[in-house]
Structures are given as structure tokens and as C-alpha cells.
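Please find below a short note on the model under review. The points run from the overall fold to a local feature of the surface.

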Amino acid sequence: MNRKDKVWKYYFGDCTKAVDAFGVEIFKDRYVDENINASKMKGYWTIDHIFPLNPSDDNVINRKGSNSIYNLQPLSFTSNQKKGSRLNGKVGNVTYAVKIIEQINNSVVGKMMIKVDDIWYWAYE
């Protein structure tokens, strides 16, 4: 099983349609490589590193995200572009923050939280 199929199955099982952490509808068969601009195409998704490979936050010097399945999540192409390599911010109307779950040497596994009505929830739970 390739990486995109593993990530989809880990989060959504056998479903062919889902909603990403920011509430955007995505379809299993509409995966796009990050090198393709799918920003105007609805339902397309890509793999996001929850804790980025190269975070843009100065507070995490010498820490880089892992390629572990536990540090990957499916996001719509547009959501992923807006989240970028930031550890917290806002995508659409959704506020998010990335928390470190595990660190082995300088490799980090993160988990994303989203804020709804002033309450923080783990994304995808």
C-alpha cells in the first residue's frame, strides 16, 4: 500500500469521501502531488506534515517533523497551502495549534488541535 493510501485509511478507513480537519470536503480518488496547483479544484487533497518538516516558528529550532504516519494527515490542497509550515494560526474560520506528541532526537511527531466555540479539540477524534 502506498503512502497516500495508508494515510487515507488511517484517518477515514474505507470511506471514499471525507471532511478534513478544517471542514473541507475531500475525495479519496482526488489526491494530488504537492507540485500540482489544485487550489481551484474542489475535493482535492494532499498529505500534510502535522509538525512540519521545516517549521516556520523560531521557538522550535533544531526540531523537524517526522515522516511517520502518525505525523501525517490528509488535508484539502487549499487547507494545506493555508496551514503551510506554521505551528498555529487560522485556516478559514478554524483556529489550530500543533502540539508535540513525541520526540526522538530532533525528529518530532505532532498532533493538531482545533478550537471550536472557545474549546480545544484534537483534530480527527
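1. The secondary structure of the protein chain, in this predicted model, amounts to 2 helices and 9 strands. Followed along the sequence, these elements are arranged as α-β-β-β-β-β-α-β-β-β-β.

2. On overall dimensions, the radius of gyration of the protein chain is 14 Å, which agrees with the value near 14 Å that a compact globule of 125 residues would have. Taken along the principal axes, the box filled by the C-alpha atoms is roughly 35 × 35 × 25 Å.

3. On packing, 37% of the 125 residues in the protein chain are buried. Of the contacts between residues at least 6 apart in sequence, 49% join residues that are at least 24 apart.

4. On the surface, the protein chain exposes about 7,500 Å². Carbon and sulfur atoms supply 47% of that exposed area.

5. One local surface feature deserves a separate entry. Val116, Ile119 and Tyr121 together make a nonpolar surface patch of about 260 Å². Of these residues, Ile119 lies in strand β9, which covers residues 119-122.

6. Is Ile119 buried, partly exposed or exposed? Its relative accessibility is 44%, so Ile119 counts as partly exposed: the class lies between the cut-offs of under 20% for buried and over 50% for exposed. The same value is consistent with the patch criterion, because patches are made of residues with over 30% relative accessible area.

How values were computed. Residues numbered from 1 in each chain as written. Predicted model: local features only at pLDDT ≥ 70, side-chain atom pairs only at ≥ 80, totals over all residues. Heavy atoms only, no water. Patch = residues over 30% accessible without salt bridge, like charges linked within 9 Å, V, L, I, M, F, W, Y side chains within 5 Å. Areas by Shrake-Rupley, 256 points an atom, 1.4 Å probe, with all protein chains shown as cover. Salt bridge = Lys/Arg side-chain N within 4 Å of Asp/Glu carboxyl O. Helix = DSSP H or I, 4+ residues; strand = E, 2+ residues; numbered from the N terminus. Buried < 20%, exposed > 50% of the residue type's maximum accessible area, 1.4 Å probe, protein only. Rg over C-alpha atoms; globule rule 2.2 N^0.38 Å. Contact = heavy atoms within 4.5 Å.
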